[in-house]
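Please look through the sequence and the model below before reading on. The explanation then follows the strands and their pairings.

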Amino acid sequence: QAQLVESGGGSVQAGGSLRLSCRAFGSFDCMGWFRRAPGKEREWVTTFHAGEQPTYADSVKGRFTLSQPNTKNTLYLQMNSLQPDDTAMYYCAAGGSVACFSHRHTDFPYWGPGTQVTVSS
């Protein structure tokens, strides 16, 4: 059974950086990150479709970088210039190719338990 495990969350001040990791036990065409802030809907952040460049939500473009090094089962999210609005539970997600086109969380069948990111002003 596929599993995703996140790590790397924490608390930082505005302007700081964090790197999240997602270890996947399984093979997927699409992997990426969502986040959910208190009182808000789950929000697509970024995804990586096998063999293509990552895509990013406008709110994080230029600040966040998704990478998948040689070990294909691990995904990294480098988050720079963090702002209080980035405070949320971050979830690693995986699925088939459709998920990477739709960015709908309902198209991702596999989820990690989440890791908390808190940015203070």
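The paragraphs below take up one strand and its partners, and then turn to a sheet.

The model is a predicted one, and a convenient place to enter it is strand E4, which spans residues 30–36. This strand is mostly covered, since six of its seven residues are buried, where buried stands for under 20% relative accessible area. E4 is joined by six bridges to strand E5, residues 43–49, and the two run antiparallel. Within this pairing, methionine 31 has phenylalanine 48 of E5 as its bridge partner. The hairpin that E4 and E5 form has six residues between the strands, and in this hairpin glycine 39 adopts a positive phi near 80°.

E4 also pairs with strand E9, residues 88–95, again in the antiparallel sense, and here the pairing extends over seven bridges. One position to locate in the model is arginine 35, which stands opposite tyrosine 90 in E9.

We turn now to an open sheet of four strands, in which the order is E1-E3-E8-E7 and the pairing is antiparallel. Its edges are formed by strand E1, residues 3–7, and strand E7, residues 64–67, each of which pairs on one side only. Taken on average and with direction ignored, neighbouring strands of this sheet are turned by 15° against each other.

At the E7 edge, the partner is strand E8, residues 74–79, which is joined to E7 by four bridges and runs antiparallel to it. In this pair, leucine 66 is found opposite leucine 77 in E8.

Definitions and conventions
Residues are numbered from 1 along each chain as its sequence is written. This is a predicted model: local features need pLDDT of at least 70, side-chain atom pairs count only at pLDDT 80 or more; totals for chains, interfaces and linings use all residues. Side-chain values use heavy atoms; hydrogens and water are left out. Buried means under 20% relative accessible area, exposed over 50%, partly exposed in between (1.4 Å probe, protein chains only). Two strands pair if DSSP finds at least two bridges between them. Axes are lines fitted to C-alpha atoms, for helices over the stretch in contact, and angles run from 0 to 180 degrees between N-to-C directions.
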